[in-house]
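Got the viewer open? Let's take a walk through this one, one selection at a time.

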Amino acid sequence: MVEVQLRRRNIRDERVLQAMQEIPREEFVPMDYRVMAYRDDPIHIGYGQTISQPYMTALMAQSLELKGTETVLEVGAGSGYAAAVLGALARRVISVEIVAALAQQARENLRKTERGANIEVVAGDGSLGYAESAPYGAISVAAAAPEIPASLLEQLNDPGRLVIPVGERDDQELRVVLKEGGRIDYRVATLCRFVPLRGGEGWR
Ligand code: SAH
């Protein structure tokens, strides 16, 4: 997975590659799908949700340019796999998940892989962010929104980075947002297709 799906597609951050080499992805997918754990695709995890394609998890983590000192907010814990990757790269991760049963599953997956020590999984609507631990040096959103939720931009530290798929169900771009000196800029990393962000200020 690391050589063929990540390195060859320009994932160059050695810390990201190392984390994804070490974290047992099969422990984060349902038993029936374990043989597919290292495939180049998203995998169903129940409740209509998926664990993202490994390349997307890597690209998002790399885009955040984590140094190891940050508190990171993740929106959409799902299986807990991306939270585990972020937890290996940052000081602390808060991961918010809107499906309570998935939040519990993510906690369980992080516990059994012993990856959860610096990760807190919160059941709730992450489109509103999580003000209690703001500001965040980095924010990773694992579900697509028509626009970047204002609460997330507010809770992003200056300087800080945020990565989010923006667009409609079938037409999305992965945006990397940089907040610095009071300015907000973004670039498009790639086209992508994530599950929709729910809850929030008028989304479903
Ligand atoms: N990072 C996950 C990928 C999960 S897919 C992993 O590595 O497995 C996106 C997740 O976002 C789903 O679990 C979905 O339930 C969740 N989600 C959607 N809208 C949300 C919201 N407003 N707040 C928190 N989680 C949300």
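Start by selecting S79 together with the ligand: an N or O atom in the S79 side chain sits 2.6 Å from an oxygen atom of the ligand. Keep in mind while you click around that this is a predicted model.

Next, add E97. One of its polar side-chain atoms is 2.6 Å from an oxygen atom of the ligand. Then bring in G126, where the contact is made by the backbone: a polar backbone atom of G126 lies 2.7 Å from a nitrogen atom of the ligand. Now switch on a surface for the ligand. On its own the ligand has 580 Å² of accessible area, and the protein covers 99% of that.

**Widen the selection to the shell**

Select every residue with a heavy atom within 4 Å of the ligand. You should get 26 residues, with S79, E97, D125, G126 and R198 coming nearest. Colour them by class and you'll find 13 nonpolar, nine polar and four charged.

Which elements supply at least two residues each to this shell? Try β2, β3, α4 and β4. The biggest giver is β2, with three residues.

**Now hide the ligand and look at the space**

The space that the ligand takes is the largest pocket. About 710 Å³ lies in there. Its lining runs to 39 residues; to find the middle, select Q49, T50, A142, A143 and V195, which lie nearest the pocket's centre.

For a cartoon view of the same lining, highlight β2 (49-51), α3 (54-63), β3 (71-75), α4 (81-89) and β4 (92-97), the elements that give two or more residues to it. Pick out α3 in its own colour: with four residues, α3 gives the most to the pocket lining. For the ligand shell, by contrast, the top spot goes to β2.

How do the lining residues divide by class? Colour them and you get 19 nonpolar, 14 polar and six charged.

**A few backbone stops before you go**

Zoom to A134 and P135. The peptide bond from A134 to P135 is cis, with omega near 0°. P135 is in the loop between β5 (119-123) and β6 (136-141).

There's another cis bond to visit, joining D158 and P159, with omega about 5°. Here the proline is in a strand: P159 belongs to β7 (residues 156-168).

Last stop: E65. Check its phi, which is positive at about 50° even though E65 is not a glycine. Where does E65 sit? Look in the loop between α3 and β3. Both of those elements should still be highlighted from the pocket view, since you coloured them as part of the lining.

Note on methods:
Residues are numbered from 1 along each chain as its sequence is written. This is a predicted model: local features need pLDDT of at least 70, side-chain atom pairs count only at pLDDT 80 or more; totals for chains, interfaces and linings use all residues. Side-chain values use heavy atoms; hydrogens and water are left out. On a 1 Å grid over the protein atoms alone, a cavity is a set of points where a 1.4 Å probe fits but cannot get out, and a pocket is an open set with protein on both sides within 12 Å along at least five of seven lines; lining residues have an atom within 4 Å of a point. Grid points are joined across faces, edges and corners, and a volume is the space filled by probe spheres set on the points. Ala, Val, Leu, Ile, Met, Phe, Trp, Tyr, Cys and Pro count as nonpolar, Asp, Glu, Lys and Arg as charged, and the others, Gly among them, as polar. A polar contact is a pair of N or O atoms within 3.5 Å; within protein, one must be able to donate a hydrogen and the other to accept it, and residues adjacent in sequence count only if both atoms are side-chain atoms. Accessible areas come from the Shrake-Rupley method with a 1.4 Å probe; for residues, only the protein chains shown count as cover. A molecule sits in a cavity or pocket if more than half of its atoms lie within 2 Å of its grid points.
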